[in-house]
Amino acid sequence: MALLSGFAYKYVLIATGNTDFDAIPLFSSGAAAGAYFIFSLVFQFFIYEIKNANEYYFYYNLGLNKNILWISNLIFSLMLTMLILTL
Amino acid sequence: MKKMHVDSVLKSYDNRQILSDVFISCEKGEIIGLLGRNGIGKSTLLKIIFGSIKADNKFVRVDSKYIKGIFDNRNLIKYLPQNNFLPNHVKIKTIIKLFCDKKNTSIIINNHLIKPLLDKKSNQLSGGEKRILEIFLIVLSNAKYILIDEPFNGVAPVHKKEIKNLIIKQSENKGFIITDHDYRNVLDIATRTVIIHDGGTKEIKNNEELIEYGYIRELN
């Protein structure tokens, strides 16, 4: 995902008129971190809100409500995002 | 006061009032059979009591604790939904340990229906196997009150008796509210029966009242 985000970042820069191809790195930790953060939230939305919505009852029965699950995912994603940024 | 007390429940969908005059209570040792026609609000009522959906208004108290949502009812109320809810990629024996204490874990893992499933994951089980496992998990969990929505759905007749015996045995220490369209199975084990009619709950004193409320046409 990090490498893909690097490619995406490169083509976005090219598309916006930056023609100094060699100055644009193939891998960018900033783009990778951003991509990871967004994808983790998007994946949670599609998997738990749409595909396996009933799975929430597993967590509800353990005393975890939807807000706690979303906040914990947000915190975990932010921590990993920060870790990727330090690469 | 050692009981679960539910009243003042108001719930409407699209300007249609589903629940309006609900009073239901459950004590340890009781199995409340909750009956009603399709779409009358049985599952909605159970979800409101559990806290997984919001009501326009509700009052739920367990013993002396006021229950506002799911976070408040940990170890007090557990709910078995109509559809399978176990995560697909977790081993069954891990799930059992999450739900039950040591004593009940030992009961489940030594049960002849569950034992062959222990090393499998949920997505490797049939619908009926999942249902049986879910019933065991919820009924043998450490909660004081158990809400069960259509437990016999998809379960082979030969296993229904075993499930009924399990619920009766566990009701010595817990209170149950159970709903199922197979009403004979509910009446078999219920110590009290309540029907939802016109948005409200009415206690059933004899089976003829089920005909009066339009739930069944004749007694078999």
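1. Helices (H or I, at least four residues) and strands (E, at least two) are DSSP runs, numbered from the N terminus. This is a predicted model, in which local features need pLDDT of at least 70 and side-chain atom pairs count only at pLDDT 80 or more, while totals for chains, interfaces and linings use all residues. Residues are numbered from 1 along each chain as its sequence is written, chains are lettered from A and ligands numbered from 1 in the order in which they are written, and side-chain values use heavy atoms, with hydrogens and water left out.

2. Two loop residues of chain B deserve a look for their backbone angles. Most residues other than glycine have a negative phi. Asn15(B), in the loop between β1 (3–13) and β2 (16–19) of chain B, nevertheless has a positive phi near 65°, and this residue is exposed, with a relative accessible area of 83%. Asn75(B) lies in the loop between β6 (65–66) and β7 of chain B; its phi is also positive, near 65°, but Asn75(B) is partly exposed, at a relative accessible area of 42%. Here buried means under 20% relative accessible area, exposed over 50%, and partly exposed in between, with a 1.4 Å probe and protein chains only.

3. Strand β5 (residues 57–62) of chain B shows an alternation of side chains, in which Lys58(B), Val60(B) and Val62(B) point to one face and are buried, whereas Asn57(B), Phe59(B) and Arg61(B) point to the other face and are not buried. Two strands pair if DSSP finds at least two bridges between them. By that rule β5(B) pairs with β1(B) in the antiparallel sense over 5 bridges, with Phe59(B) as the bridge partner of Asp7(B), and β5(B) also pairs antiparallel with β6(B) over 2 bridges, where Arg61(B) stands opposite Tyr66(B). The hairpin of β5(B) and β6(B) has 2 residues between the strands, and in this hairpin Asp63(B) takes a positive phi near 55°.

4. Chain B also contains an open sheet of 6 strands with mixed pairing, in the order β7-β8-β9-β4-β10-β11. The strands β7 (77–80) and β11 (200–204) of chain B stand at the edges with a single partner strand each, so one side of each has no neighbour in the sheet. Neighbouring strands of this sheet are turned by 20° against each other on average, direction ignored. At one edge, β7(B) runs parallel to β8 (residues 145–149) of chain B and is joined to that strand by 4 bridges, one example being the pairing of Tyr79(B) with Leu147(B).

5. Helix α5 (residues 157–170) of chain B lies across β4 (31–35), β8 and β9 (175–179) of chain B, and runs at about 150° to β9(B). Axes are lines fitted to C-alpha atoms, for helices over the stretch in contact, and angles run from 0 to 180 degrees between N-to-C directions. Contact means heavy atoms within 4.5 Å.

6. The axes of helix α2 (residues 92–99) and helix α4 (residues 127–139) of chain B come within 9 Å and cross at roughly 25°. These two helices, α2(B) and α4(B), are therefore roughly parallel (angles under 35 degrees count as roughly parallel, over 145 as roughly antiparallel, 65 to 115 as roughly perpendicular and the rest as oblique). On the α2(B) side, Ile92(B), Ile95(B), Ile96(B) and Phe99(B) meet Leu133(B), Leu137(B) and Ile138(B) of α4(B).

7. Chain A has 4 helices and 0 strands, and of its 87 residues 30% count as buried.
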